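User: Please take a close look at a single part of this predicted model. Start with one strand and its surroundings, then work outward.

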Amino acid sequence: MHPPPHPPAPAADRLAVIAGARRALLQEGAPALPVPIEPWIERSWRRCLAAGHRPEQTVAFDLVTAPAARRAMDGSSALVAAARPVMQTLGRALAQTRYFAILTNAQGTVVHVDGPIDRSDRRAALITRIGVDLSEAAVGTTAIGAALIERQTVWLHRGEHFFADTSVYSCAGAPLFGPAGDCVGMLDLTGIDAPERPELRHLVTQSARAIENALLMRLPNALLVRLNWPGHPPGDDSDGLVGLDTEGWITGSNTPARQMMPTLGGSVQARVHASEVFAMPYQMLFDAAGSTGDPIELPLWSGLRLQARSLTRSAENPKSAMPGRARLKDMEIAMIRKAVTEAKGNIQLAARNLGISRATIYRKLARH
């Protein structure tokens with residue numbers, strides 16, 4: 001028999017713990033905190049102190065000019081377009097909670113907002129202006145700055161903010177990663193003098209994933225592959241998503257896909273071919289497109305296997321999504337086959353002898 005779990009600490013006790021941590025570090029400068037607090041919060045507090053800030057300083061939210069607002073929007077049009085439907089859904093979900101949604105770019109500048117925002121409350125109006133800078137450098141410890149720096153979902157309640165002026169806010173924040181794996185912004189759910197709602201961490205994480213998926217789906221993918229582990233048939237927002245062009249080059253992926261296949265999580269500038277990830281000819285993925293049967297097994301070079309389905313050809317022109325079948329010169333194919341034969345089927349040795357990669361051999365032989 002397991003003992004029953006401890007009930008959550010009362011709100012008053014939680015606020016007392018936060019206040020104790022603030023006194024220890026922000027006022028007394030303790031090298032180590034005597035009370036528990038999230039390590040990332042302590043790191044943010046210490047960065048603010050190192051920058052010469054003090055908690056009692058007045059927070060002067062930036063004056064946002066019309067040109068600054070336009071610049072913020074011009075650089076984030078794709079992000080805002082992908083996020084808008086998700087933000088509208090969030091607005092409905094948050095309608096009775098006194099929380100609202102804020103979208104920023106990778107620098108922490110607000111580019112879109114939604115939800116029940118009380119514009120008559122100056123504290124809400126200040127942080128929901130398009131173009132306002134809400135980064136850690138500008139306003140200290142917030143879920144926005146922390147999510148962008150720590151690259152993880154965070155929950156921040158009242159006094160856990162660095163400045164006293166921002167201790168009226170409670171917020172959940174999640175970073176947003178683009179199809180190339182780079183951080184493109186963050187999603188924040190904020191309440192003012194609102195009850196603590198740590199469950200919003202789950203909501204903001206789920207919503208951030210939906211925005212990331214929408215960003216990937218907006219690319220001109222010839223094929224979109226939905227992936228999950230055996231026992232978890234693909235079909236929802238927990239799926240890995242990988243986009244391919246007609247030649248099998250990977251056009252982008254979402255966070256779950258990069259977690260399943262670390263090969264996709266390298267340099268955002270490096271192009272990756274499907275043959276470097278999947279241990280099967282990429283044309284088989286196109287052949288399975290539109291299948292309504294069971295997911296197909298997708299072997300990886302690591303020896304692991306995934307399930308894949310919901311493969312979708314380009315909606316604009318399905319025929320154009322078929323991979324090219326142009327043959328290589330007979331001499332090139334003959335040379336590759338001869339090298340593989342001489343290496344007794346050892347693809348790695350054949351590739352070394354030819355001065356090309358193993359993936360290139362698989363790709364060329366699979367196509368011919």
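Analyst: Both faces of E7 are covered. On one side, Gly 240, Val 242 and Leu 244 are buried. On the other side, Leu 241 and Gly 243 are buried. That makes five of the five residues in E7 (residues 240–244), so the strand is largely enclosed by the rest of the structure. The model is predicted, and the values here are computed from it.

E7 pairs with E6 and with E8. Five bridges join E7 to E6 (residues 223–228), and the two run antiparallel. Leu 224 stands opposite Gly 243 there. Three bridges join E7 to E8 (residues 250–253), again antiparallel. In that pairing, Leu 244 stands opposite Ile 250. The hairpin of E7 and E8 has five residues between the strands. Within this hairpin, Gly 248 takes a positive phi near 90°.

Ile 250 also leads to Val 277. Val 277 sits in the loop between H9 (255–260) and H10 (283–287). Its relative accessible area is 4%, so Val 277 is buried. Beyond its neighbours within four places in sequence, Val 277 contacts Ile 250, Met 261, Thr 263, Leu 264, Val 272, Pro 299, Leu 300 and Trp 301. Pro 262 is 15 residues from Val 277 in sequence, and the two C-alpha atoms are 9.3 Å apart.

Now the other sheet. Five strands form an open sheet in the order E2-E1-E5-E4-E3, with antiparallel pairing. E2 and E3 (154–157) stand at the edges with a single partner strand each, so one side of each has no neighbour in the sheet. Neighbouring strands are turned by 20° against each other on average, direction ignored. At the E3 edge, four bridges join E3 to E4 (residues 169–177), which run antiparallel. Trp 155 stands opposite Ala 172 in E4.

At the other edge, His 112 lies in E2 (residues 110–114). Its relative accessibility is 13%, so His 112 counts as buried. Leaving aside neighbours within four places in sequence, His 112 is in contact with Val 80, Arg 84, Met 87, Ala 101, Ile 102, Leu 103 and Ile 130.

Two helices lie across this sheet. H4 lies across E1 (99–105), E2, E4 and E5 (183–192), at about 170° to E1. H8 lies across E1, E3, E4 and E5, at about 30° to E4.

The two helices also meet each other. The axes of H4 (residues 77–93) and H8 come within 9 Å and cross at roughly 140°. H4 and H8 are therefore oblique to each other. H4 passes H8 in a right-handed crossing. The residues that H4 brings to the contact are Ala 78, Leu 79, Ala 82, Ala 83, Val 86 and Leu 90. H8 meets them with Leu 203, Ser 207, Ala 210, Ile 211, Ala 214 and Leu 215.

H8 (residues 200–217) has 18 residues, which should span 26 Å at 1.5 Å a residue. Its end C-alpha atoms are 26 Å apart, so the two values agree. The buried residues of H8 include Ser 207, Ala 210, Ile 211 and Leu 215. Glu 212 and Asn 213 are also among them.

Key. Residues numbered from 1 in each chain as written. Predicted model: local features only at pLDDT ≥ 70, side-chain atom pairs only at ≥ 80, totals over all residues. Heavy atoms only, no water. Buried < 20%, exposed > 50% of the residue type's maximum accessible area, 1.4 Å probe, protein only. Contact = heavy atoms within 4.5 Å. Expected span 1.5 Å × (residues − 1). Pairing = 2+ DSSP bridges. Axes fitted to C-alpha atoms, helices over the stretch in contact; angles between N-to-C directions. Parallel < 35°, antiparallel > 145°, perpendicular 65-115°, else oblique. Left-handed = near helix turned anticlockwise from the far one by under 90°.
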